[in-house]
Amino acid sequence: MGGTEHLTVQREGATLVLTLNRPEARNALSLAMLVGLYDGWLEADADDTVRSVVLTGAGGAFCAGMDLKALAGDGMRGQGYRDRLQADPDLHWKAMLRHHRPRKPVIAAVEGHCVAGGTEILQGTDIRVAGESATFGLFEVRRGLFPIGGSTVRLQRQIPRTHALEMLLTGRPYSAPEAARIGLIGHVVPDGTALARALEIAERINTAGPLAVEAVKASVYETAEMTETDGLASELKRGRPIFDTADAKEGARAFAEKRPPVYKRA
């Protein structure tokens, strides 16, 4: 497994856990973190034994956004990361899920601050769990900046436009209960338990057919902006082949035999 000094990677069964690990800066984004994060998405995509990904933060925070000073690198250790960025100028957008969508489900486990770039990364995840004291928000306009991580496009597609515009134009903080009420997150749990709940959700996903899970996720995103007619046609094209897989046959046999299925991605 990969990782950097600001991004740790570990396995929990079939789940890959990526942890933003810069707690002294409330996990503000550094170049080391972005490189590790992108490598983590690639690792999850490439490893068929990984069936889900959980993204979380260390030290009681999720992510406080960009740290421009840290993005400049830190001496010789930062040079390798700068070389990676020069080789792929799009790397930071891929890391933040602006220009990359992992094929495995991604579950966010949020504690503490999830603001600015943190809320932008959040919009690239699929399922979201937060501790009750977590804070969300897009503060960029208060600093004369633009939330260029995708929020002016994605947010209005994920929550009602009136709420998206209020969040974007006021730059005010949102509590976890309010974020859940407007649909930005799906679960509010006691502080300190977001990761445990995210892993529970991941384990439920892990027991399902992996080919079916990936096809369902792909179909949801592919059809999001289609007309209903085009979306239904796309769904058939994506979903029908799943019924011919060995995994589908195994799922049916396991149901009939009242036992857990053993899927082989075939």
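This section describes two helix pairs and one internal cavity in a predicted model.

Two packed helices are described by the angle between their axes and the distance between the axes. In the first pair, helix α10, spanning residues 210-222, packs against helix α11, spanning residues 228-239, at an angle of about 160°. The axes of these two helices lie 10 Å apart. Because angles over 145 degrees count as roughly antiparallel, α10 is roughly antiparallel to α11. The crossing of α10 past α11 is right-handed. On the α10 side, the contact is formed by Ala215, Ala218, Ser219 and Glu222, whereas α11 contributes Ser234, Glu235 and Arg238. By class, the residues of this contact comprise three charged, two polar and two nonpolar.

The second pair consists of helix α6, covering residues 151-158, and helix α7, covering residues 161-170. Here the packing angle is about 145°, and the axes are 7 Å apart. As α6 passes α7, the crossing is right-handed. The residues of α6 that take part are Ser151, Thr152, Leu155 and Gln156, and their counterparts in α7 are Arg161, Ala164, Met167 and Leu168. The contact of α6 with α7 is made up of four nonpolar residues, three polar residues and one charged residue.

Attention now turns to the internal empty space. Rolling a probe the size of a water molecule over the atoms shows where empty space is left. The structure contains one cavity of 30 Å³ or more, and the volume of the largest cavity is about 40 Å³. Its lining comprises Arg51, Lys104, Pro105, Ile205, Ala208, Gly209, Pro210, Val213 and Glu214. Helix α10 supplies the largest share of this lining, namely three residues. Among the lining residues of the largest cavity, five are nonpolar, three are charged and one is polar.

Helix α10 therefore appears in two of the settings described, because the contact with α11 includes Ala215, Ala218, Ser219 and Glu222 of α10, while three residues of the cavity lining also come from α10.

How values were computed:
Residues numbered from 1 in each chain as written. Predicted model: local features only at pLDDT ≥ 70, side-chain atom pairs only at ≥ 80, totals over all residues. Heavy atoms only, no water. Axes fitted to C-alpha atoms, helices over the stretch in contact; angles between N-to-C directions. Helix = DSSP H or I, 4+ residues; strand = E, 2+ residues; numbered from the N terminus. Parallel < 35°, antiparallel > 145°, perpendicular 65-115°, else oblique. Left-handed = near helix turned anticlockwise from the far one by under 90°. Contact = heavy atoms within 4.5 Å. Nonpolar A, V, L, I, M, F, W, Y, C, P; charged D, E, K, R; others polar. 1 Å grid on protein atoms, 1.4 Å probe; cavity = no way out; pocket = protein on both sides within 12 Å on 5 of 7 lines; lining within 4 Å. Points joined across faces, edges and corners; volume = space filled by probe spheres on them.
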